Each structure stands twice: as C-alpha cells, then as structure tokens.
Amino acid sequence: MDTTNTTADLKSATMDADTHSAHYHTKSEVPTQLPPLGPDMRPLWPPKVDILMTVLFGIAVFSMPIWLQPFGAAYPDLMQRFAIFGIFAIGFNILFGLTGYLSFGHAAFLGIGSYAAVWSFKLLSLNVVPAIILSVLIAGVFAAAIGYVSLRRSGIYFSILTLAFAQMCYNLAYSVLTPITNGETGLRVLRNDPRVLDALVGSSEVAIPRASFFGISMTGMAGFWACAVCLMIAFYIALRITRSPFGMMLRGIKSNQTRMAYVGFNTRPYTLVAFIVSGMYAGLAGALLAVVDPLAGAERMQWTASGEVVLMTILGGAGTLLGPFIGAVLIKYFENIFSALGHTTLSDAFSFLPDGVREFAVSIVSPFVGEGWHLTLGVLFVLVVIFLPGGLAEGFRRIGRMFRGGNKSETSS
Amino acid sequence: MTKFERPSRRGFLQGTAIAGATLAVPTFFTRGAWAQANFCNAPKGASVVLGFNVPQTGSYADEGADELRAYQLAVKHLNGEGDGGMLNTMKPSNLKGNGILGKKVEYVTGDTQTKSDAARASARRMIEKDGVIMFGGGSSSGVAIAQQSLAQEIGVVYMCGLTHSNDTTGKDKRRYGFRHFFNAYMSGEALGPVLAEVMGKDRRAYHLTADYTWGWTQEESIKNATEALGWETAQTVRTPLGAGDFSQYLTPVLNSGADVLILNHYGNDMVNSLTQAVQFGMRDKQVNGKQFEIVVPLYSELMAEGAGEAVKGIFGTSNWDWKLTDEGTAAFTKSFGQEYGRPPSQAAHTCYVQTLLYANAAETAGTFYPPEVIKALEGFEFDGMGNGPTLYRADDHQCFKDVLVVRGKENPSSQFDLLEVYKVVPRDQVTYKADIFGGELGPYEVAGCAA
Amino acid sequence: MDAILLQVLNGLDKGGAYALIALGLTLTFGTLGVVNFAHGALFMLGAFCAVGLQEVLTLSVRVRDESITFFEAYKEEPYLVLWFGDTGAAIIDWVVPLSVLVTIPLMLLIGVAFERGLIRFFYKRPHAEQILVTFGLAIVIQELIKAGFGANPIPISAPEIARGSADIGAMLGLSGVLTYPWWRLIYLASSLFIIGGVFAFLNLTTYGMVVRAGMADRETVQLLGINIQRRFTVVFGLAAVVAGLAGALYTPILTPNYHIGMDFLVLSFVVVVVGGMGSLGGAVLAGFLLGILQSFASLNEVKSILPGIDQIIIYLVAVVVLLARPRGLLGRRGVMEA
C-alpha cells in the first residue's frame, strides 16, 4: 500500500541526528542521497484511485458484521471500538508514521475529546453533530498548545514532553478537576441536564439520555454504522494527506530533518500541523467513544493508554495507511475476546486431541489467555518489533511478494 | 505462593452461539406490548447466562480472582451441584437447586481492569455478544457506578460487587443497580462509637484521604461520625492515587498535635500508607498524653495480608467475616473452603450472596423480565446469608444489615486469621433515611438493548 | 524547622531511589546509546529477588490448622525454624539485607542476558524502536511476575532491629521530637554508598576509565584494540544490578507488587532528562532534587495555594527544564541538545 520502503525508512529515521552515540553507530548508514523530493512532489495518485481505495476499505469495514462472525467479534460494542480506535491509530500515524515524532501523550486528546462531547450532550444537545464538531475543535486547540511547546524539541525529549503533558492532564482530571470531569466515576449524561438546544425545540425531557443523530439513537448497530462512516471519512482524509505535497514534506522531515532545514524549509509549521491534525483525529475518536457510550473516564488519558495507540500503530505498521487500523483491531480483539477465554474453553477447543496431549496443550496455552492476555500482547509486540519492524502490514507485503515469486518491484498497491 | 484452579467457563461457547442469535434479531420489534415477552436478552433456550465482570489485571486482580471463585460456587449451587451452600440456609427462599426458573445457569467472565471505561466495554460485550440476563462484580466504586448507569441505559440488572462509596446507592443510584455491600456512611456510624469507647471522646483526628470520589465520601462520613461524638478534626490531607511512598504526607502528622491517624485509602495505597505509618513509629507514640492510634475505616482481607504485621491492633469495618458463627456463614465458608482450600473474603461473600439474591428474585417473580425481578428484590427481607436479618431497601437498593467492626489480630494463628471481629453493630444503628444522599432511581421500563 | 528537616529527609530518601534508577538508566544510555523502557522492570525484578528469597527461606511444611473448623485448612511452618529454631527465625528476619547477596549475581546475570539476548540487536535501530521493544519486554516481565507471584502486594519487613525509628533530634542536639525510621536512613545511606561505588568504579579503576573513554569516543577506543563492546555489556549488567539493589532494598518501604516497575518508569525518565541525558552526576543530582521538590509540594501549605500541585510537580519540572535548558542540569553542551 505504502509507497516507500518502510524498513529502510525506519532504519534511517531521524532520531539519530540528535544523539551523539547513535550517531556513531549510524554514521555510515544515513542515506547519502536526498529523499526524492523533486518528481514526487506532485500527488502520486489521481484521486480516482484514492476513492477506489476508500471504497474498498469501506466495504471491508461495513461488512465487518459478516466476516467477524466466525471470530466471535461481530457484536456492536467491539466493532464500534475497532472503528474508533482505528481512527485514533490512523490519526496517530499521521504524526508518528509520517514525521517520526513519537508522542507518548496522545491519549490526552482522546480524553479531552470525550469530555468535550459529554459536556456538549449535557449542555447543548443530545445530537451527535455539535458534540463531534466541538470535541474535534477543542482537541485541536489543546493539540496546538501542547504541540507548539513540545515540538520545540525532538527525539526522546519530544516523547517525554508529550508524556509529561498527558500525565498532568490525567492526574488533574482524576483529582482536582473532578467538578469538570467527575473524577473516578467518569463524566456521565444525566436526565436533568439543561441541554439548551434540545430545550429550544422542546425535547429536553428524556427517560434515558442517549446520544442520537436526529432521532436515530446511537446504540447498538446504529452506533457502529456511525463510527464506520466516520472511519471511512477519516481514512480518506488520511489518504489524501499522505499523498499530498504536505505528506511528502512530512516524510522528508522523517528521513532527515536537518537536511530539510538546509534546503530551506522551516519544518516546524509542518510538524505542528501534523500534530494538530492527529490531535483532532484523537478528539474525533474520543467524541465517538462518548457517542456510543456517553461516559468519559479519566483512565483513557493515562500514559498507558497513549502507549496502547503506539502499540497499535507499530503492530500494524507505522507509516502505512492500513497498518494502524489492523493494529487497533488486533489489540481490541485481544482485550475483549482473549481476556474472556478460560481453562474450560481451551479444553473444549482442543477436544479433538487425545487426553494427555490436550492437557499439555491447555497448560501451554492457558497462561496466555484469560487474565494473561497482557502477556500475549507483550510477547506479540516484542516479536513484531524485532522481526517485522514494518509491522503486520510489512508481513502481509512480504507474503504477497513471496507469492509473486521474487518480484522485486515496489509493492505499492 | 498459592496457585488457584483456573476458572471453568463452559458457558463461553454457548455464549458465542447466543451472540449470533442476538445479533440476528432485528432491532426494532421489542417495544410496548411485546416488551414483557421480548425484553433485552430474554433467555430462550434451556439455559440462562450470567456475566461476571471482575478485575483480572491491575492491582485488584487477586480480589477479582476471589470474586470469580465465589461466582463459580454460586453457579454450582444454583444448578444443584455441590453441597448447596447458602441455598440451605437462606430464608425465605424460592430457590430449588435446578437452575433459575428451571433453566441451567451458565456464565461468562470479563476483565474490568478497575477502569470505568474497560468495565463498561466488557459489560457491553457480555450483554451484546453473550446475551447475559444479569451481570455483577467489580472492586471499585467508580467502576460500579459506571456499570450501574450502563445497566439502566440498556435494561439489564447489575448486582454490584465490592463498592463502598455512598454514591453507589446515593446520588448515583439506579433502578437496575443493587448493592449488598455496606457503605462509607455505615462504616462511620458503626466505627464512631467503638472508637469513642476504646480511645475516648477527646481526640484529634488527622485524615489522609485518597484524592478521588470514594476517598472523599469516606472522609466525610468518618469525619461527621467522629465529630458528632466529640472528636476534633486536626486536618484532612488529600494524597494522589498510587503515591507509593507516603512519607511526605506522614511526617506532618507527627507535628500536627493530632493523636489519631485515619487512613481513607484502599488497595495498594492502604497497604503502603499503613505500613509506612507504622514504620514512622506512630503506633508507639504518645501524643497529648494519649496513645497514638491509626484507623483504617474499610478493611479487606487481601489488604490485611498485604500489610502483614502492620495491621495488628488496627480498627476498621467490614461487611462480613468468615469467622462469624451463624449457620449461613458456616455453610458458605465450608463449601468455599472445601472447594478452594481457603476461606472466602468479604468480596467473595458479597458476590456470592448477590447472585443467589438475583436468582431468588427471578424465581419469586416467576420471570426474568427485569422490572418484575427488580420489584421482587425491592423491599426483600431475608436472613441466613451471614449478615443476620437483612433488608434490600426499595428506596435506594441498599442492603441494611449488621456491620462488623474488626481489628487486626495480635497473634494470628494462620495466614487467614488476620482480623478479629471486635463488635457486631446492629442494623438499626447504621440505618439512615433514604433521602439524605439525594439521587433518583429512574424508571422500571427502559427501551433497553433492543431499542 | 523540624517539619522542614523532615521533608528534606523524605525528599532525600525518595531521591535515593530515583537517583539509583536514573543512574542505571543513564549508564545504559551513555554507553550503549539505548533508551531502555524496561529499566523499571529491572527495579521490580530486584524487589522480587527479595520476595523470592523470602519465599525460599520460608519454605514450609503444611501443618493442619486446628483453629479452622469449617474445612480442612493448613498453616505453614518454615523448615528453617523447624531445623534451626531461633537461628532460622533470625535468618528469615534478615531477609532483606541477605537478599542483596542474591540480587547482585542474579541481576548481573539478567542484565547480561538482556543485553546479549535482545538489546544488542537494537543498537543500530532508531530510538523509537528501542523504546518500543523494551516497552514490550517490560510488559512481558511484569506479566510473568504476576503469573508467578500474584497481583496482591507481598509484605516483607526490615530486620527487627531496624524496624523502629531513630531519634534524630537527640542525635543532632535539636529540641523537639524528630524521629525517622531506621530503615529509611539505612536506605539513604546504602543508596549513597552504591552511587559512590559506581562512581569509584568508573573513575578509579582502569576498567571503568576505559568504559568512560568509550562513552566519550567509542571509535577511537576500538581503534586502540579494546573490545569496548564487552565492557559495555558488563556496564549494562551493572546498571541492572544498581536498579535491582534499589528495588530489593526498597521493599520494606514500599510493599512490592508486580507493577511497581511501571510506576517508577515514567518518573525515572523524567529524572534522567532533568539531570541531562548521559550525565551520571546529573542523574544523581536530579534524583535528589526532584525527591525533595516532591516532598515540599505535598505540604498542605503549598497545596492550599496551588491545588493539585503535588500531582503534577514532577512533570511540570520536566517541561520547564526541557524548554529552558534542554541539555538538563549537568548535561554536556551539544549532547542530545535538540
């Protein structure tokens, strides 16, 4: 899918220029030719192809209720989560995948988006449209502020700065900001909230307050369709960004920022825009979380939640378009399905084996499921980073290449 | 190191099958007149699925494991396997030991991670995919309140696990949520007089409080209860959740003129703050001519285990203790002990009882239709479940029963014998008016997951 | 006055732990150029060395517990006590100091195994990937410990004689009550001792001096025919030992459970960047400074002016330092200054 060779890209990626020691190691490896800026500056693909891709992606997403059935994942809540965290990861990839800036604080924007959406449900209207607009904007404002400060540094310093900001948001939201966030319990929509816009049209009285899209309640499958539509739009925008001159610029920054600066580009505005865009994606994801389930908890801002989106992106393949989405699906699947598997389920699953062998198989597998699902995740993650630095997307590409019999040509879909 | 048997979850596969069925049901035809017949997750086959949502990761994972053990035992007993446990001692009881309403009980489990978000996601999986008719469990008030709201929105009954905040059955109470566990207010009412009796009425208390909702409600309840008995409150200090090292909060206590330290902490925070307070020599200090004392208003066996030596002689309250001598406790402890080789914790007890109570209510109502089950639970007066005569109050879905004041044992005879029951405070003394915390239960009929 | 002195002590004590962790982190970064997100896990492993030793020492026979009548329960009597009586009990009592003897070789082994088995393949990869692989590794270690020891914290106490408090007021000739737990004083002293040891090793031994030379200019040292890589492996082991000791000795203060490593991880990174990436002295200084700062920010007097300040002080300091002086307090000019 992706146009450049991700492995090489990652290997030479940026953070080397600013470290003395890595500098020693990689001196000889820094690519000696300029990134091919010239001819590639025009969009590589006519929009028609983009639209085709988006449609294909859309078909895959909208048919999830069918093809996820055999995996036991075709129920609304999990599919909503696939779509929402897909958006989050795709947005994160715009920053990390394209520019190489590793943010460890993106969950803060997700949380901010959720809080903004719930407040919109409480004060304005249960309609999702104002909530989504509001939370994307507010997340964008926060991203602009935090990004402006954090982007003054790069490499690990940038990571630590974003981490610090996100942790401050989380700690305050959990404790002293409880009047705004409702702390531990999480901010909820209540029956007696004002909802001024709804009151204007005379419909602020509801038995159970639920987010709705002009009368269509956003629970169950309706919620999933809404998330899926947002995911498609988000995917298309990400696609356009990647293909645009702006996207090429960001890649240029990734492969060598210093050189970009020498050529005369001021890179800061570009990275800042990327940061804001990805923050807005996170805000959108946060808003959707609140749309399908009107509760905003502080835990979704914790640094481990930021770490999770990093895991998703890397697992799927940073810098690719589909990778982050695949990663998001995989991790959410683990969290929800693997965590519910137990000893007996395994025995049933291995029932085709003879007794002794079955017990052995169960005892091997059982530490990795149920309460051990974190372990599986960790192992999988380590393996991917070691053997597939380009993530699962690279894995698929390698398999594809194998089938085409050593065809060395670029596999850009 | 103790190794436990892994939970058996035979219901899982069936659950998966049901998920397909639920999903296939179009979403519009379950309103109005059909509601009674076709409510959310109405059990269709020969079995009924319950959802047990407990922390499996994070710091409460061991407590979650104990809750799960209790749930499995409850399911066994409901299905007529094993020795029946409290099925034999509960009165009045409509339970027959043949499942619920003749349907075999199966169950699915989930991981709350002790996070509101994750707990709701997991609960929704149970409801949407596994088709549970009731779900329960959990080890924190935030999680309980979040799940209870979800229960109300979707129309599936939630039977709270361990949750101690006043809000659960106070300002955040819900028609679809029920709590058997006691709360911070009751802790204050039960503990206050005992403290006054043991430590005297002329005391100055210093509160260290976990800086989140549960901590605040407990601080308030204990403060009110002790001040009503003549104590002064020297200072209340909020500590960040998971602070680890509490030394910077503990040292000012020594010079504040206070002679009692009240630790409104739970979980790891409680283990660490108590251990460290003892290390700072607070147990052997004399202030204002009196022995310095430490109080931990909410105790749990696992935390007592974690704090080790430090709990000796420390007062607190508890919902239940396996060393009580009534027949309900004896029956439950016996079957739990035989099954797992250790006595049950209070978290396990409350989860076990909640499951039985739900099952009994469904039997009484003669249907799984939630509004009817809820009505059967509301105002239900029962006995023989280890807490003496107990009332499930209709106004706020809070159980009223005796509260235990417990004390860390000086010479424990075994690793399970860390707390001793100092006093059983009668139910009348901890009963309060339902309206003091505000809140609103909400409607019986909700559009539910089918809407 | 007493209150201030006590808070300084608290800060130093906390700072001791921070400094030790940050010191190890800086060592790995300075020598190998690796950003190790599994360093917190090494701290946790150290703590569990002590816990593990306690488990071994208290290996017990199961005795029928007559006090429980509801079901057949057993209590445990440690073999050591059975065989050696009071001597056995004393050995169990001294488990934390004894655990040092176990922690050092074990952590050295674990550290070297890490470096040879995994980290060395990542020298030439970008920092982002180093962070990611070590982060994954940290999750794996943490989950393995949970599988083995459970999630509940496991109490472990200091030896009987170090459990009380020292009357510092009297020692320093101050009036007023000023007591501080013995074990915390011991912890402070041992952290200073370990820090001193590491500095002595690097500055006074030839081996250490070569390592430092390698940190400054790896290629030249290699050209001189020295296998600097092997020495760096040893340094990684050393860093693991330092983190492990910090963890093992901290167990009586902070009841260990499987995720204390993650709790300390973020913090230790903040300490390292505040001190200056790659600066050993900076790590130590920043550790103590941040510890003291955190102690004072927790005072009620401060919190009444700035509510919630104790929750964010560490991060706030990190932000300010990174913006105002990106190389950190003692970082060299030009090193990681971006």
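Begin by selecting chain B of this predicted model, in which 13 helices and 17 strands are found. With the whole chain in view, its C-alpha atoms fill a box of roughly 70 × 40 × 35 Å along the principal axes. The radius of gyration of chain B is 22 Å, which agrees with the value near 22 Å that a compact globule of 451 residues would have. If you colour by burial, 66% of the 451 residues of chain B count as buried, and among contacts between residues at least 6 apart in sequence, 72% join residues at least 24 apart.

Next, colour chain B by domain. Select 11-182 together with 323-401 for domain 1, and 185-318 for domain 2, as the domain assignment gives them; the centres of these two domains, taken over C-alpha atoms, are separated by 33 Å. Where they touch, 14 residues of domain 1 of chain B meet 14 residues of domain 2 of chain B. On the domain 1 side of that contact, look for helix H2 (61-78), helix H4 (141-154) and helix H11 (346-365) of chain B, the elements that give two or more residues to it. By class, this side has three nonpolar, eight polar and three charged residues.

Now move to helix H5 of chain B, residues 184-199, and centre the view on B:Leu191, where the helix bends by about 30° and where a proline, B:Pro193, follows within four residues. Many side chains of H5(B) can be inspected in turn: the buried residues include B:Ala184, B:Tyr185, B:Met186, B:Leu191, B:Leu195 and B:Met199. Step just past the end of H5(B) to find B:Gly200, which takes a positive phi of about 95°.

For the next stop, show the three chains A, B and C together and select A:Phe88, B:Val156, B:Leu274 and C:Val270, which are the residues with the most contacts inside the largest nonpolar core, a set of 374 residues. From chain B, this core draws at least three residues from each of domain 1 and domain 2.

Finally, hide chain B and turn to chains A and C, where 47 residues of chain A are in contact with 39 residues of chain C. On the chain A side, helix H1 (6-11), helix H2 (20-26), helix H9 (155-174), helix H16 (303-316) and helix H20 (373-387) each supply at least two residues. Select H9(A) with particular care, since this helix gives the most to that side, with eleven residues. Coloured by class, the residues of chain A that touch chain C divide into 27 nonpolar, 14 polar and six charged.

Definitions and conventions
Residues numbered from 1 in each chain as written. Chains lettered and ligands numbered in written order. Predicted model: local features only at pLDDT ≥ 70, side-chain atom pairs only at ≥ 80, totals over all residues. Domains from an automatic or database assignment. Contact = placed C-beta atoms within 7 Å. Nonpolar A, V, L, I, M, F, W, Y, C, P; charged D, E, K, R; others polar. Rg over C-alpha atoms; globule rule 2.2 N^0.38 Å. Buried ≥ 20, exposed ≤ 12 C-beta atoms within 10 Å, placed from the backbone. Core = buried A, V, L, I, M, F, W, Y, C linked by C-beta atoms within 7 Å. Bend = angle between axes of the 7 residues up to and from the residue.
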